[in-house]
Structures are given as C-alpha cells and as structure tokens.
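Good morning, everyone, and thank you for making time for this. I would like to walk slowly through one structure with you, so please have a look at it before I begin.

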Amino acid sequence: MLDEINHIALIGGLMQQMCVYLVIAYLLSKTPIFSPLVQVNVRLPGKLVCYTVFSAFCIMGTYLGYQIEGAIANTRAIGAVLGGILGGPWVGIAVGLTGGLHRYSLGGFTASSCAVSTTVEGLIGGCLHLYLLRRHRADRLLHPMSVLITTLIAESAQMLIILAMARPYDQAARLVAHIAAPMVLTNSFGAALFMRLILDRRETLERYSIAFSAKALRIAERSVGVLMQGFNEENCMRMAKIIQEETGVGAVAITDCEKLLGFVGVGADHHLPGSPIASPHTFWAIANNEVVYADGAAVPYNCSVSKDCKLGSCLVIPLRGEGNRVFGTIKLYEPKRKLFSTLNRTLGEGIARLLSNQLLAGTIEEQKRLLAQSEIKLLQAQINPHFLFNALNTLAAVIRRDAEAARQIVLHLSIFFRKSLKRASSDATLKDELEHVDAYLQIELARFAGKLNVDIAVPDELMPTRLPPFTLQPIVENAIKYGISQLIEPGRIRISAEQIDNVLAIHIEDSAGLYQPTPDGDGMGMNLVDRRIKIRYGTNFGVSVHCVPEHSTRVTISLPMVMEPVPC
Amino acid sequence: MLSALIIDDETPSREELKALLASASDIEVVGECANAIEGLAAIHRLRPDVVFLDIQMPRISGLEMVGMIDPSALPRIVFVTAFDEHALKAFEEHATDYLLKPIEQERLNKTLDWLRSDAQPKAMTLPASVSRLTQIPCTTRNKIFLIPLDDVEFVHTDQSGIHVSSHDRSGVTELTLKLLQERTALVRCHRQYLVNLEKIREIELLDNGSAEAVTHTGKRIPVSRRHLRDIKSQLLLS
C-alpha cells in the first residue's frame, strides 16, 4: 500500500502542516512568552521556557503529521532541533525525549525508533549550540542557514535510525524511501523559517529600543540645563517645546502644583500658561503621586477648559523633587483622531525623571548661589566695625589740623560704604573694584600716615573686565591687616593686573611677607573670595599666594577674561 | 602732676589723644611711641605714671606688651582701642581702664579723675594670657625684630644690655633676665645667663665644679656651680 503514497501529495501535505505550525509560531511570537526565545539562552529560566515551548511544538508536529502505514510523516524535528540550538544540548535532549516519548505512546512499528531519533535530533541541535558558543560565534546560531543545514543533518540521521531500529526492516526501508525526501526538506525549511520568525521578532524589539533611546537621548541633550535656571513659565515653555518636537505628540504641558507653566501644541489657544490647573487627572496625579493615563476610551478624557478642544487622550506624570515630593506634572496629549504610542508613554515617564533630576540640580545650584551671597554679607559685616572706628578716629584727629583733608576722608568713607552696601548679586568691573579699593586705601593712608605706600598699576584696557563684586577689597584689606599694619617700619602695597591668554591675573603684593596660611581662621576673607570664584568659574581659577617670608606676600587672583559689553 | 606715655602705631591717633590730654593741666605727656618695642624701652627709661596703650599694634599687641614690662617699672595702663574691647575681658579685674576710639573728652576726664584719685599704682597681677611670653622683641643697631622663644638658645646680660641669641641671630632686648625667667621656659644657669634646655647638646664639667653647656650650634654657655645641680636634674627629667 505504500506504493500508493503520492510523493507530491505528501510534500504538499507536510507543507500545509508546516504552514499551520508556523502560523501558530507567528501568533505566539506576539506574546511575551516568546521574548526569552529571541536570544541564545544560557540561564535556567530561559532554558525552561525554551524547553516548554519547543516541547509543545514537538508534540504539535506529531499530531499534525500524516498517518502512513503505522508510521507518521511529521514536522516534529523542528521543535527538537530549535530547542537544542537555542537552549543547548540538555534542553535539546529534554525536548527530543519529551517529543519522542509522546510519539512512542502513539505506537506503530517506528514508535521506538522515532523516540530515539527525536532525542538524537535535539542533541544534534544542542551540539551546534555548544560548538558555536565555545568558539564565541553565538551570533551564527540564529542564522536560518545554519538551522537549515542542522535540521537537514538531523533528519537524515533520523532516517538512518529508523532503518537501523524499525522492524521489519523491509517495511522500514520502504517507508524511508518514501518519506525521507519530503520530511527532510519540509523540516529543514520549516526550521529555517521558524528561525526567521524569531529573528524578525528580535529585530522589531531592537528597532523599538533604538528609536526609544535615540529619542530619549535627543531630548536629554536638548534639555540640558533648561530647567536648572528655574522652574518658571519661560523655561517650562522652552522645555515643553523641545519635548513636543522630539516626541511628536499632539501637545505637551508642564505644570507646578497650582498652575500651568508651559503648553505647546494642539489646543495652545485655550491652554494658557499661568492659568490654574483644571483637569481632574492632574489633580489626581499630584494628590496621589502617580501616573494617570486617560486614553479617551476606558478612561474618558475631556478637556476641562474648552468643549471644542481637539485633544482626546492624556498622560499625566508627576514631577518628583527632594524626598519624592510632587512639585508639578508633565502632561502629554494626543488629539482625538490619534492613538497614544506605547513608545511615548514609556518615554513620558523617562522625561519626567529627567526633568525632576534637572530641577533638583537646579535647586542645589540655587542653594550654592545663596550661600555665596550670604557669605558676602558676612564679609561685609566683618569689614565694618574695626575699619569704621579707626577711620572715625583718624578723622577726629585730622579735623583739628586740616579741614580739607578731613573733608576728603569723609568723601572716601562715603564712597567706600556706598560701594560696600551695593547689592552683591550683580557683576562688577575691575574699574568698580579698584574704585572701592581706592576709597578704602585712601582712608588707610590717612590712618597710617607715612607708614603706608600704595602703588596701583592696572592697564586701562583691563578696566572693563568683569568679576564678582567684593573680590579685590578683602584681599587688599588682608594685605593691610596682616601685612603692612604688622610692620614696624614703613611698607608698600602694589596692585597690578595683567592678561595672560584668556585669564585675568590681579596681583596684590605687600612688602611685609608675614602671610601665614590659616585654613579657616584669619584668612577668612581670602578663602571666601577663592571659594566664590571657584563656584562661579571652576577650580582652574581662584586665589593663590606666594610668600617670601619677611620680604613680600603676593596674592594673585585669577579669573576668566570677560569684558563688559559695550553699550550700543 | 602725672607723667604720661602714649603708645600707638597710628600718628593721627597719637595726635588726637595728645590734643585731648592738653586740656588737663596736671598731665604731662613725656613721650610717644609707635610700637611696643619702642614703648618698652621708653617705659623702662622714662618710668611714666600712666601709659595710654593702643591694643592693635604691629607684631606685639598692647596686651602682649603689658606682660613684657618689668614689674618694678609697671605703670598704670589705660588701653585704647577702636573696637576690640572684648579682648580686655581678661584685664577687667586688674586695675586698668580702657578708652574707645574716637575718644570722648568726658570719658577721658573720668579716666583722668580715677588716675588722680589713686596716684600710687597698685601691684598688678597679670592675667595668665599675657604672663607667658612666646617671643622676645629685640633690636640691633638698625632693625627691630622678634625672636620666637622656641628659637632662643640663651639670653645673657653684660654692661651693654641684655642679649638674646638664637641659632642665626642675636639682638638686644628690653626685657630683664628676671622677667624672662619668670615668664618663659628659659632656665637660669648662671648669674648672667638664661638657657633654653631644648637647645643644649652637652654639658662639659670643669675642674672647679662649674660647667659649660654646649648648644646645638656649638656655642658655649657658662653654668655656675650653684645652678649646675638644678640644670642636671631638669635635663634628666625632661
């Protein structure tokens, strides 16, 4: 009866069977079960999934097979070989054994030979796995061609095993003569196609993550520092614009806990920055510190501002600051005709984290700035009493003998205090600083009459250079207080400035040479100046001291050259 | 009549005080000094009844200077300061007064009344903060400088004055041996010598029972019989 087997019909049948098989595989590839299969599995959980899935395919291959004379023409080999290739020899053997035992249970004269051969097929797949892994060519494992060849070998082996084991031999020989070619071909192609399916799935995943990281990176790059300058309407508008451009969503909004700070995109005509939050979703997100997704179907979304709003779905993500406290939200919208892409939903949460971190960093910057400012205040407060009373005492003496000189002292004193009391937030120019210092020195000159000599040599072209206010005066004051005023003989202070490449170097040199490094003690003024410059311009700049004991102390302030913009 | 000395490094400050004192007919300003070292010499030379002493002065403050005045010559001290009257806390119970710059005439008059009423200075015990010296002011012909006590090898006296020697320099000081012995770690080894035990390398015993101390830099200092035992025991102890 075997003679009646139509070879073409058998190949067609097996091909059909394979199609059903592959459709099932395709559907399965859309489920999460499949994700461990898209890579070579080295760990146990992946291997288990591998075993289960491919065993199922193995058994399915048998069921879908054709009964031929007590034997079954089938596509069982695909499961066993792929199990071995993706899971390794043990998984291969296990899958083969499971499929084989199942086949054995169905009976027939090839039952035992098929059970053995299926196990061997799994082992052959496993051997390829082991061989390529050892040679660090795991990438070849997923190649459809290598799968095709392996299955070809495995099926040929099966045929030989049937010939060797199945009895009666002549019946086995006839069976093999008929089914060998169709089975070898269909199984090989089937396995190769199955692998192609796996590869497709893998490529899709990769494309998705590439697109995702590219977008995320671009947003991160473009938004660097935007919110660090402050969480206000201007910066939020800029940020929202960047996010909308990069994600391509219908609209983007950023809010604090009370009002809208920035809105870009569809509906910008009625979602106005500065207006209070109206959306219940936003309130919910803020109150519960959780992401709210109103897809417009399961969770209805209606614009709370205008009935004509074209926006149809909305994702609200809370922005979290210190201690996970919510300080605002970021909202992504899509118009009614468009669906929210999963990509943008995931990205949205990442963006929220990015913004939160930026704002946190901004707060730290702000605190640093405040600290620097309060230090200036301290510096100013520190200046006054000693200097003031000594100056007044000098004045009292000078009034007796020289009214005009006394008047000059009063004027210098008023210049000095006016400049000292000026708000410390803005920048000063070198000229401002020198005027401040000059007023100070004029008073000291009167006080130490004859004991102090002052020499200021700063080129005119450096005068517009910008520097933080109160940079020069504390250093000059130190030079007097710890330098010249400690000299028994007369002393000299020399102030000079030069430009070295892009660095402004201001030197304050006294002829005392009595500098003693005191980390936080008396040199406080100098340390503060140094810290402020370093906070502002980085550690390449700051204050350095060169002291030749008993001869001279030279303090150098180095700053980046920034010129006062010429008013136009 | 009270004789007064003004010690202040600021010329205008001295002028002002002099002008204020001019109104009091029974106060005579016998001298002015611009630093503590000159001041010490002037006190020892002029023996004024009262010293108006600025606190903020180069190298040796007014407070430190008080600890350097020979107790037998100690005048009454009126501190003058612009702001750091808190530094005077230690002196509160030590029969002194202070004036704040700029000085008010009325306030000065009160001080003068106090000085007149109690013209005989009391023996003043100094606060601990100034009764240990850390440096010795010295002069040479043309220079004034300070030698840190740790650097001093020995101090000796001869007809020309009291000499302080360190490893690399020496100078004449206004401070007496007695005062240095009391207020420093220097040890008497001879009627005319004080020595810093830290600087002694060896002691050579002589036939007559006296000895010579040799410093690390090889200078030889006489050690009299009377002080030898004392020095030896201190060296063994230290």
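How many helices and how many strands are there in chain B? Keeping in mind that what you see is a predicted model, the count for chain B comes to 7 helices and 15 strands. Of the 238 residues in chain B, buried residues make up 39%, and if we take the contacts in chain B with a separation of 6 or more, residues 24 or more positions apart account for 57% of them.

Let me turn to the place where the two chains touch. The contact takes 16 residues from chain B and 20 residues from chain A. On the side of chain B that touches chain A, the largest share, 6 residues, comes from helix α1 of chain B, which covers residues 11-21, and by class this side has 8 nonpolar, 3 polar and 5 charged residues.

Next, the interior. As a general point, nonpolar side chains in soluble globular proteins tend to be buried together. In this model the largest nonpolar core has 105 residues, and those with the most contacts inside it are Ile475(A), Val476(A), Leu53(B) and Val195(B). Helix α13 of chain A, residues 430-447, gives the most to this core, with 8 residues. There is also a second, separate core of 47 residues, which includes Val91(A), Leu141(A), Met159(A) and Ile198(A). To come back to Leu53(B), if we leave aside residues up to four places away in sequence, Leu53(B) touches Ile7(B), Gly62(B), Met65(B), Ile77(B), Val78(B), Phe79(B) and Val80(B).

Now I would like to spend some time on one strand of chain A, namely β14(A). Which strands are joined to β14(A) by bridges? Strand β12 of chain A, residues 503-510, is joined to β14(A) by 8 bridges, and the two run antiparallel, while β13(A) is joined to β14(A) by 7 bridges, again in an antiparallel arrangement. Thr556(A) in β14(A) is a useful residue to look for, since His507(A) has Thr556(A) as its bridge partner and Ser544(A) stands opposite Thr556(A) as well.

In a regular strand the side chains alternate between the two faces of the sheet. Along β14(A) you can follow this residue by residue: Thr553(A), Val555(A), Ile557(A) and Leu559(A) point to one face and are buried, whereas Ser552(A), Arg554(A), Thr556(A), Ser558(A) and Pro560(A) point to the other face and are not buried.

Finally, a few places where the backbone deserves a careful look. Most residues other than glycine have a negative phi, and most peptide bonds are trans. In the hairpin of β13(A) and β14(A), which has 3 residues between the strands, Glu550(A) takes a positive phi near 65°. Is Glu550(A) buried or exposed? Glu550(A) is exposed, because it has 10 other C-beta atoms within 10 Å, and exposed here means 12 or fewer.

Phe470(A) also has a positive phi near 65°, and its place is the loop between β10 (466-467) and α14 (472-483) of chain A. Phe470(A), however, has 25 other C-beta atoms within 10 Å and is therefore buried, the cut-off for that being 20 or more.

The last place is in chain B, where the peptide bond from Lys101(B) to Pro102(B) is cis, with omega near -10°. Pro102(B) lies in the loop between β5 (97-100) and α4 (105-117) of chain B.

Definitions and conventions. Residues numbered from 1 in each chain as written. Chains lettered and ligands numbered in written order. Predicted model: local features only at pLDDT ≥ 70, side-chain atom pairs only at ≥ 80, totals over all residues. Helix = DSSP H or I, 4+ residues; strand = E, 2+ residues; numbered from the N terminus. Contact = placed C-beta atoms within 7 Å. Nonpolar A, V, L, I, M, F, W, Y, C, P; charged D, E, K, R; others polar. Pairing = 2+ DSSP bridges. Core = buried A, V, L, I, M, F, W, Y, C linked by C-beta atoms within 7 Å.
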